[in-house]
Amino acid sequence: LFVTTPVLSCAINVAVNLFGQRMLEALVQRPEQARRVLRIINDAIVAVTRAFNDVIPAEIRRNSVAENRYAPPGYGQIDGCATQLVSARHYSRFFDALDREVLGLAPHGGLMHLCGAHARHIPAWRAMPQLRAIQINDRAVDDLARYFDGLRDDQLLYVAPTPAFPVERILNITGGRRTV
């Protein structure tokens, strides 16, 4: 029996879900207030993640959407979908450290799910030792070559085929290396 945790996401996703455009505006107009809100959200994500880790043994605990984002015991996951809404500079200033903190709760780091246009963040994610894999689907798959070339050799890519990127095209780009 495996127990799958719910999607706890990450600070940017939760903040945008709660506050919408006002959160994005705060990054520019009220950065200290934005940092405070993001810190509160991240602290809640960290607390809930630790609670799950305390009560669900690692050998049976799986991350959300485990049927197609499988990770062995000791790996975590966050959803970085809303990172497509911010510049690389804003990601670096507001979200990078928070994502590192959440992914760092898992002994072996973890995976980030992406479904939009996020490729400008590849340099930040390459430099994130806690980030062990990226899962791309929908629009994000269009940037497969950029992810494959831009990430570290020890960072895996989980790729969901699309009509424009069938399995054959994915394998042509990656040679089957680092690709699930």
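By about how many helical turns are Arg39 and Asp43 separated in helix H3?

1. Arg39 and Asp43 are four residues apart in helix H3, and therefore about one helical turn separates them. The two residues form a salt bridge, in which the closest N and O atoms are 2.9 Å apart. This note concerns a predicted model, and the pairing of Arg39 with Asp43 serves as its starting point.

2. As to solvent exposure, Arg39 has a relative accessible area of 32% and is thus partly exposed. Asp43 is likewise classed as partly exposed, at 39% relative accessibility.

3. The pair also belongs to a wider arrangement: a network of salt bridges links Arg39, Asp43 and Glu101. The structure as a whole holds eight salt bridges.

4. Helix H3, which covers residues 31-55, also contains Glu32 and Arg35, placed three residues apart, or about one turn of the helix. A salt bridge joins Glu32 to Arg35, with 3.2 Å between the closest N and O atoms. Glu32 counts as exposed because its relative accessibility, 58%, is over 50%. Arg35, at 29%, counts as partly exposed.

5. A further salt bridge is formed by the side chains of Arg146 and Asp143, at 3.9 Å from N to O. Its two members fall into separate exposure classes: Arg146 is partly exposed at 48% relative accessibility, whereas Asp143 is buried at 10%. Asp143 is placed in the buried class because its value of 10% is under 20%.

6. On the general principle, side chains of opposite charge can pair when their charged atoms come close.

Terms used
Residues numbered from 1 in each chain as written. Predicted model: local features only at pLDDT ≥ 70, side-chain atom pairs only at ≥ 80, totals over all residues. Heavy atoms only, no water. Salt bridge = Lys/Arg side-chain N within 4 Å of Asp/Glu carboxyl O. Helix = DSSP H or I, 4+ residues; strand = E, 2+ residues; numbered from the N terminus. Buried < 20%, exposed > 50% of the residue type's maximum accessible area, 1.4 Å probe, protein only.
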